[in-house]
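Please walk through this structure with the sequence at hand, taking the overall fold before the individual contacts and spaces.

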Amino acid sequence: MRTTAMALLSGAILACAQPAFAQTADATPAEAAPTPAVAPATTCELHVWPGRSFHTVHYGWVNGGTIDGAQKGRKGYPPMPDQPLSVEVQRELLGKIDIPAMIGLSGFTAVVHENALSAAVIRSTPGRQIADRGPCYAELMIDDIVFQNHVINGKWLNIIFRFRQFEGAAAAPVRTYGTYVTVRTTLFPPDKDSDPQPALDELRSAYTQSLTEFGKQYAGFLKRNGKKKGASITL
């Protein structure tokens with residue numbers, strides 16, 4: 001079972017039952033990067049935003065349960081490298097993937113943004129994040145990123161993805177899909193006396209793998225004609 005890490009994600013999952021999404025305590029719409037003034041797009045674009053937050057959850061034999069306990073310096077929590085999946089690292093990884101092909105968006109060009117969106121903006125914006133990008137437009141937003149370290153269940157990277165596709169001048173998306181993906185790790189976090197690079201490489205590989213898995217889950221969602229299955233969530 002991996003429900004311990006999902007506790008941190010429950011706010012996003014439970015929000016699907018409401019017309020608007022609840023804001024997290026540390027995220028406000030003001031945190032979203034301002035959108036630069038650009039000419040309307042003449043081609044199909046998939047806009048991709050990296051994730052804003054990297055959280056950790058640790059459960060040991062005699063301690064654990066504090067979210068971001070390692071980052072807060074709590075005793076008994078394995079030390080964590082500083083920002084192992086920073087926005088800059090994510091952008092580099094995203095730039096190496098043919099994301100439109102992964103999602104099945106033939107003819108789309110990926111536009112990877114420099115800054116992440118806040119959780120509040122992701123969950124409370126009903127229309128397009130960028131209003132003037134033309135009639136052929138889609139969005140892939142990475143929400144929470146959580147690393148779970150459990151003495152029994154093992155180590156997992158958990159990521160929430162949110163996808164929306166728009167057509168024509170319609171304000172509402174014609175297709176939405178949200179889900180979380182979990183990928184097992186073994187090396188991360190690195191031991192304090194070892195070379196951290198292999199563990200960092202594994203975590204980043206897990207990040208890339210989660211994108212591939214998201215594409216597979218979205219393809220299954222389309223084959224089921226939009227019927228939800230498993231760990232999917234609704235935008």
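The paragraphs below go from the chain as a whole to its salt bridges, its empty spaces and a few features of its loops.

The model is a predicted one, and its chain contains five helices and eight strands. Read from the N terminus, these elements follow the order α-β-β-β-α-α-β-α-β-β-β-α-β. Of the 235 residues in the chain, 46% count as buried.

Charged side chains are a good place to begin. Side chains of opposite charge can pair when their charged atoms come close. A search of the whole structure finds five salt bridges, one of which joins arginine 123 to aspartate 143, with their closest N and O atoms 2.9 Å apart. This pair connects distant parts of the chain, since arginine 123 belongs to helix α4 (residues 119-124) and aspartate 143 to strand β5, 20 residues apart. Both arginine 123 and aspartate 143 are buried. Aspartate 143 also meets arginine 162 in a salt bridge, again with an N to O distance of 2.9 Å; here the link runs from strand β5 to strand β6, between residues that are 19 apart in the chain. Arginine 162, like aspartate 143, is buried. These contacts belong to a network of salt bridges that links Arg123, Asp143, Asp144 and Arg162.

Strands β5 and β6 are also connected by another pair, in which arginine 164 forms a salt bridge with glutamate 139 at 2.8 Å between the closest N and O atoms. Arginine 164 lies in strand β6 (residues 154-167) and glutamate 139 in strand β5, 25 residues apart. Arginine 164 counts as buried because its relative accessible area is 5%, and glutamate 139 counts as buried because its value is 0%, both values being under the 20% cut-off.

From these contacts we can turn to the empty space. Rolling a probe the size of a water molecule over the atoms shows where such space is left. The search of the whole structure finds one cavity of 30 Å³ or more, and the largest cavity holds about 50 Å³. Its lining includes Thr56, Val57, His58, Phe147 and Asn149. Strands β2 and β5 (136-150) each supply at least two lining residues, and the largest share, three residues, comes from β2. By class, the lining of this cavity has six nonpolar and five polar residues, with no charged ones.

The largest pocket, by contrast in kind, is an open space of about 250 Å³. Among its 15 lining residues, those closest to the centre are Phe54, Asp82, Gln83, Pro84 and Leu85, and the lining as a whole comprises seven nonpolar, six polar and two charged residues. Glutamine 83 deserves a further look: it lies in the loop between β3 and α2 (87-94) and has a positive phi of about 50° although it is not a glycine. Its relative accessibility is 54%, and glutamine 83 therefore counts as exposed.

Two other loops complete the picture. In the loop between β7 (175-185) and α5 (197-223) we find proline 189, and the peptide bond leading to it from phenylalanine 188 is cis, with omega near 0°. Valine 62 is placed in the loop between β2 (54-59) and β3 (64-67), where it counts as exposed because its relative accessibility is 79%. Together with Trp61, Val151 and Ile152, Val62 makes a nonpolar surface patch of about 520 Å².

Note on methods
Residues numbered from 1 in each chain as written. Predicted model: local features only at pLDDT ≥ 70, side-chain atom pairs only at ≥ 80, totals over all residues. Heavy atoms only, no water. 1 Å grid on protein atoms, 1.4 Å probe; cavity = no way out; pocket = protein on both sides within 12 Å on 5 of 7 lines; lining within 4 Å. Points joined across faces, edges and corners; volume = space filled by probe spheres on them. Nonpolar A, V, L, I, M, F, W, Y, C, P; charged D, E, K, R; others polar. Patch = residues over 30% accessible without salt bridge, like charges linked within 9 Å, V, L, I, M, F, W, Y side chains within 5 Å. Areas by Shrake-Rupley, 256 points an atom, 1.4 Å probe, with all protein chains shown as cover. Salt bridge = Lys/Arg side-chain N within 4 Å of Asp/Glu carboxyl O. Helix = DSSP H or I, 4+ residues; strand = E, 2+ residues; numbered from the N terminus. Buried < 20%, exposed > 50% of the residue type's maximum accessible area, 1.4 Å probe, protein only.
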